[in-house]
Amino acid sequence: MMMKLADLHIHTHYSDSTSPPEEVIEQAHQNGLNCIAITDHDTIDGINPTRQAAEKYNIEVITGVELSAEKNGRDVHILGYLFDHSSKKFLTQLEIMQETRVTRMAQMIEKLKKFGVNNIELKEVCDLAKSKSVGRPHLALLLKEKGWVADLKVAFDKYLAEGAAAYVPKFKLATEDAIKLIHNAGGVAVLAHPMVMNMDEIISPLVKEGLDGLEVYYTNTTETVINFYKGLAEKHNILMTGGSDAHGKAKKNTFVGKVKIPYELVEAMKNYKEKRNHV
Ligand code: AMP
Ligand code: ZN
Ligand code: FE
Ligand code: FE
C-alpha cells in the first residue's frame, strides 16, 4: 500500500490566499495528498466548501484554523486542528476577530488618505476575501492594482509593515486564550512555523499554557532545522505537524503539497485528542 500523505497548513480565498477551494483540491490531488487541513486566518468559512470540492477525489479535509495571537507583545500564530467547527463559542470568538479586522481595515484606509491615497473603498478591500477575515495582503493588492506601488513588497515597506505609515495593529488573542478556545471546541493547538519566528524561548511557556504540538515541517526548512524542532517536540512530549502554508498567488515560494507529511502524524493527533477528551 502506498504511504498516505498530508499537508496541514493551507489557506483559501476565505482569508488571504487567492485560491478557491476547487483550486486547492485540484493541486492536492495532483500532488498526491490524501489529507489536508484548511487553516485560514481567523475564519473557518472555507472548510465546508473545501470538503465539498474534495469529495470528487476522496481527499480527507480535517478542520483547521490559524488564530492571530500574541505573547510578550509579539505576534504568534496558533493553529487549531480537529475541533468541532459548529461550536458556538468558537464561532462567536471568530466573528469578533473578523469584526475587529474590518474596523482596523477602515482605519488603515483612513491613514492612507493622509498620504494622498484616496481611491480605496472599504467594500472593495473586503470583497477580496470571501469571508470577513480581511487583512493587509488584500489592501496591498489594491494598492498595487491602483498603481500606488510597484509591487506588494513596496506596499508593505512603504505603508503596511509594522511601524510603517498606514499600519494599524489588529486584535490578537493572548496565546493562552487561543489555546483554550481550541481546547474548548475539542481540538488540538499547535504553534505555527516556529522556524520563521525567532522566538524559541516562548515554546516552554506555551506548553505550560496547554500547547499540544509544534509545526515541525514547513516550507523551505532545512533538515537541520526540522531536526531541531523535532527534538523540542520530543523533549516536551508534544505532537509534530507540518504544512506548506500555501496562499495561491499571494505567496510565491510555496504551493499546496510543497510540504507532505506522513499520515501517521494525523493519526497521532487524532489518538492524542481521543485520549485527552475521554479522561
Ligand atoms: P494581517 O493579518 O492583516 O496583519 O496580515 C498579515 C499577513 O501579511 C501575513 O500573514 C503576511 O502574509 C503578510 N505580511 C506581513 N508583513 C509582510 C511584509 N513585510 N511583506 C509582505 N507580506 C507581509
Ligand atoms: Zn496568510
Ligand atoms: Fe502564519
Ligand atoms: Fe498560514
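In this predicted model, the zinc ion (ligand 2) takes its protein donors from Asp 16 (OD), Asp 16 (OD), His 41 (NE2) and His 247 (NE2), which sit 1.9 to 2.5 Å from the metal. The arrangement is irregular because the four donor atoms subtend angles of 52 to 130° around the zinc ion (ligand 2). Along the chain, the donor residues of this zinc ion follow the spacing D-x24-H-x205-H. That pattern brings together distant parts of the chain: His 41 belongs to the loop between S2 and H2, while His 247 belongs to the loop between S9 and S10, 206 residues apart. Both of these histidines, His 41 and His 247, are buried.

Next comes the iron ion (ligand 4), which lies 4.7 Å from the zinc ion (ligand 2). Its coordination comes from His 9 (NE2), His 11 (NE2), Glu 66 (OE) and Asp 245 (OD), at 2.1 to 2.2 Å. The spacing of these donor residues in sequence reads H-x1-H-x54-E-x178-D. Here too the chain is pulled together from distant parts, with His 11 in the loop between strand S1 (5-10) and helix H1 (21-30), and Asp 245 in the loop between strand S9 (239-243) and strand S10 (261-262), 234 residues apart. His 11 and Asp 245 are both buried. As for geometry, the site of the iron ion (ligand 4) is irregular, with angles of 78 to 166° among its four donor atoms.

There is another iron ion to place. The iron ion (ligand 3) is held by Glu 66 (OE), His 77 (ND1) and His 193 (NE2), at 2.0 to 2.2 Å. Its donors are spaced E-x10-H-x115-H along the chain. Glu 66 does double duty, since it coordinates both the iron ion (ligand 3) and the iron ion (ligand 4), and those two ions are 3.4 Å apart. Once again distant parts of the chain are linked: Glu 66 lies in strand S4 (residues 64-71), and His 193 lies in the loop between strand S7 (188-191) and helix H8 (203-208), 127 residues away. Glu 66 and His 193 are both buried.

Asp 40 deserves a look of its own. This residue is found in the loop between S2 and H2, the loop that also carries the zinc donor His 41. With a relative accessible area of 1%, Asp 40 falls under the 20% cut-off and therefore counts as buried. Setting aside neighbours within four places in sequence, Asp 40 is in contact with Ile 10, His 11, Thr 12, Tyr 14, Ser 15, Gly 46, Val 65 and Glu 66. Among these contacts are His 11 and Glu 66, both of which are donors to the iron ion (ligand 4). Asp 40 and Leu 67 are 27 residues apart in sequence, and their C-alpha atoms are 8.3 Å apart in space.

Now for the strands. Four of them make up an open sheet in the order S3-S2-S1-S10, with mixed pairing. Strand S3 (60-62) and S10 form the edges, each pairing on one side only. S1 is mostly covered, with six of its six residues buried. On one side, S1 pairs with S2 in the parallel sense over three bridges, and Ala 6 stands opposite Cys 35 in S2. S1 is also joined to S10, by two bridges, and this pair runs antiparallel. Within that pairing, Leu 5 has Pro 262 as its bridge partner in S10, and Ala 6 stands opposite Ile 261. Ala 6 thus has a partner in S2, namely Cys 35, as well as one in S10, Ile 261. Helix H2 (residues 47-54) lies across strand S2 (35-38) and S3, and runs at about 170° to S3.

Finally, the overall layout. The domain assignment of the protein gives domain 1 (5-87 + 172-277) and domain 2 (93-160). Their C-alpha centres lie 25 Å apart, and the contact between them takes 14 residues from domain 1 and twelve residues from domain 2.

Terms used:
Residues are numbered from 1 along each chain as its sequence is written. Chains are lettered from A and ligands numbered from 1 in the order in which they are written. This is a predicted model: local features need pLDDT of at least 70, side-chain atom pairs count only at pLDDT 80 or more; totals for chains, interfaces and linings use all residues. Side-chain values use heavy atoms; hydrogens and water are left out. Donors are N, O and S atoms within 2.8 Å of the metal (3.2 Å for Na, K and Ca); water is not among the atoms, so sites may look incomplete. Four donors count as tetrahedral if all angles lie between 85 and 135 degrees; four count as square planar and six as octahedral if opposite donors are over 155 degrees apart and all others between 65 and 115; anything else is irregular. Helices (H or I, at least four residues) and strands (E, at least two) are DSSP runs, numbered from the N terminus. Buried means under 20% relative accessible area, exposed over 50%, partly exposed in between (1.4 Å probe, protein chains only). Two strands pair if DSSP finds at least two bridges between them. Contact means heavy atoms within 4.5 Å. Axes are lines fitted to C-alpha atoms, for helices over the stretch in contact, and angles run from 0 to 180 degrees between N-to-C directions. Domain bounds come from an automatic or database domain assignment.
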